[in-house]
Amino acid sequence: MRNKQVKFVFSAVLVFFLLFIVLPAFMILKNAFTAGGSFSFGNFAAVFTEGKLAKAFWNSTKVSFLSSVITTILAFVLAYTVSFTNIPLWLKKTFRTLAVFPMLLPTITYGFAVIYSFGKTGLITRFFGKQFFEFYGFKGLVFCYVVYTLPISFTLIKNTMGYIDRRYLVVCRVMGDNGFKTFNTAILRPLWSTIAVSLVQSFFLSFTDFGIPASIGGRYTVVAELLYNTMLGALPDFHQGSVIALMMLLPSILSVLILNYLQKFNVRYNKISKDPMNKNPARDIILSVLSAAILMVMLSIFLVVFIAPFVTEWPYNFSFTLKNVKSLFSDRALVKVFTNSLYISFLSALFGTLLVYVSALVAARSKNVLKGTKVIEVIAQVTNTIPGMVLGIAFLLAFRKTSLHNTIAIIVCCNLVHFFATPFLMMKETMNKMNASWETTAAIMGDSWIKTVVRVITPNALPTLMESFIYLFINGMVTVSAVVFISGARTMVITTKIQELQHFAKFNEIFILSILIFITNLIMKTIKGVLNNKTN
């Protein structure tokens, strides 16, 4: 009976991924290699002959590489300040909180915030009396990509710094090493793998993002924008779009190979010391000022989002008003978009947590019962390599002639696949840490596998279940790259509506919708913090 229950759950997971990964992937391949109803390389020839893809690919590579380097340097400074200085604890907590602030807003908002901040009549331009840079195109993309990827890079580096043994700093000083050699031996060398991961991850996220180029790309065409215009432009071409989508997978595959290779360079300590750092007021002051400056520049562009909708007429009349907010909430279509986002994000979080949970149960707790559980880990790696835009196109091609087309169900399923990898890995790690004999003991006592899961494993997994739910909900609120291809007039979410509103220059509505996303995600993060305090 126990084996049947495990096999049923395993089969259900496989069927889901066969339907929503294998079938969409097949449809992309079919469209890419089909011309005139037969197998052909003509679509590839047409795309490469035009030269647009090569230029867009080079543009994306150049802007993503530069932004990833800048991001990693800035993230390192922030993480070092939080981890290896003696600044007050409240200041460290403030830096940690502010560093992840941009994650609560969709990337498509970043570009509009930059326009209203650094434009000729922008908030920052008016404050300093001059325009700092031309924000459309390359410079604007680099700036926004750095803001977008900095929270992820900071989190990666900070987490690794927490596992560095500080006794090596003492050993280096005792051995007579100078400051630079001590820093290189005890801190920088153990972090090389994580620094490389930060570079790769930041590059991948920048290369595949659609929201930022959609708002501020200008004439500087990148692959994500070319893919969107090919699929949903004035003259849609699904065959050439499929070719571009396949080409967009190349950096993803390369990223996974590099990340797997870098695993061998991880430094492990038998015991981690948390001894306090030596007193160095100059170091603490300099790094605090640098970190504060980085965060101020990063967050300054979002200040306008919370100001512009509440002034009478930007940028001429700054008197306070609520007419823009009242106007938005009196518009049923915009209210419907907000409720759609809440509904879809909640369903994505609910069913996504369930999918993650049962997948981790099979992968981590049923190895001795069922062969082939490794396939779920392979699926997680695959979903982690697929850019959101490619996934959205795959779903469009696979389900556009079915009853799922333009429905909430298809958006939820897309979110489940898109964001599966991270919560699954978290849940699997939690399962591996639990007592391996629980199921055996329960079986001896006569309990079924399902009863053991409900009574024993689930209560111990509640913190990670909550973490997964919040992660999926927040990502469901801010995602745009995948859903832009599969949402319709009735199922439009906030991020796709923002992308539509830009064509009508309705920036007040854009900013108010962005604030609603921010408040919603902030509430979810607060709930998570409260529940974490209660469970600890």
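1. A good place to start is the largest cavity, whose lining is made up of Phe395, Leu396, Phe399, Arg400, His405, Asn406, Ile410 and Ile486. Please keep in mind that this is a predicted model. The volume of the largest cavity is about 30 Å³, and a search of the whole structure turns up one cavity of 30 Å³ or more. H17 gives the largest share of the lining of this cavity, three residues. Sorted by class, the lining has five nonpolar residues, two polar and one charged.

2. Next, have a look at the second largest pocket, with a volume of about 410 Å³. Of the 23 residues that line this pocket, Ile21, Ala25, Val382, Thr385 and Ile386 are the closest to its centre. Four helices each give two or more residues to the lining: H1 (2–32), H12 (238–262), H16 (374–385) and H17 (388–399). Which helix provides the largest share of this lining? That is H1, with ten residues. As for chemistry, 21 of the lining residues are nonpolar and two are polar, while no charged residue takes part.

3. Now for the aromatic rings. The structure holds 33 aromatic pairs. One of them joins Tyr110 and Tyr148: the ring centres are 6.4 Å apart and the planes stand at 70°, so this pair is edge-to-face. The two residues come from distant parts of the chain, with Tyr110 in helix H5 (residues 107–118) and Tyr148 in helix H7 (residues 138–161), 38 residues apart. Are these two tyrosines, Tyr110 and Tyr148, buried or exposed? Both are buried.

4. A further aromatic pair is worth a visit in your viewer. Tyr228 and Phe485 form a tilted pair, with 6.0 Å from centre to centre and 55° between the planes. Tyr228 belongs to helix H11 (residues 223–232), whereas Phe485 sits in the loop between helix H21 (449–478) and helix H22 (494–501), so the pair ties together parts that are 257 residues apart in sequence. Why does Tyr228 count as buried? Its relative accessibility is 15%, and the cut-off for buried is under 20%. Phe485 is buried too, with a relative accessible area of 4%.

5. There is also an aromatic cluster to find. Its members are Phe16, Phe17, Phe20, Phe395, Phe399, Phe420 and Phe424. Two names here will be familiar from the first point: Phe395 and Phe399 are among the residues that line the largest cavity. Phe424, another member of the cluster, leads us on to helix H19, where Phe424 is one of the buried residues.

6. Helix H19 covers residues 421–433 and has 13 residues. From its first C-alpha to its last, H19 reaches 19 Å, close to the 18 Å expected at 1.5 Å a residue. Which residues of H19 are buried? They are Ala421, Pro423, Phe424, Met427, Lys428, Thr430 and Met431. You may like to pick out Lys428 and Thr430 on this list, alongside Met427 and Met431.

7. Finally, a small stop among the strands. Strand S3 (residues 311–313) and strand S4 (residues 317–320) run antiparallel and are joined by two bridges. Together S3 and S4 form a hairpin, with three residues between them. To find your way around this hairpin, look for Glu313, which stands opposite Asn317 in S4.

How values were computed
Residues are numbered from 1 along each chain as its sequence is written. This is a predicted model: local features need pLDDT of at least 70, side-chain atom pairs count only at pLDDT 80 or more; totals for chains, interfaces and linings use all residues. Side-chain values use heavy atoms; hydrogens and water are left out. The expected span of a helix is 1.5 Å times one less than its number of residues. Buried means under 20% relative accessible area, exposed over 50%, partly exposed in between (1.4 Å probe, protein chains only). On a 1 Å grid over the protein atoms alone, a cavity is a set of points where a 1.4 Å probe fits but cannot get out, and a pocket is an open set with protein on both sides within 12 Å along at least five of seven lines; lining residues have an atom within 4 Å of a point. Grid points are joined across faces, edges and corners, and a volume is the space filled by probe spheres set on the points. Ala, Val, Leu, Ile, Met, Phe, Trp, Tyr, Cys and Pro count as nonpolar, Asp, Glu, Lys and Arg as charged, and the others, Gly among them, as polar. Two strands pair if DSSP finds at least two bridges between them. Rings of Phe, Tyr and Trp (its six-membered ring) pair if their centres lie within 6.5 Å; planes under 30 degrees apart count as stacked, over 60 as edge-to-face and the rest as tilted.
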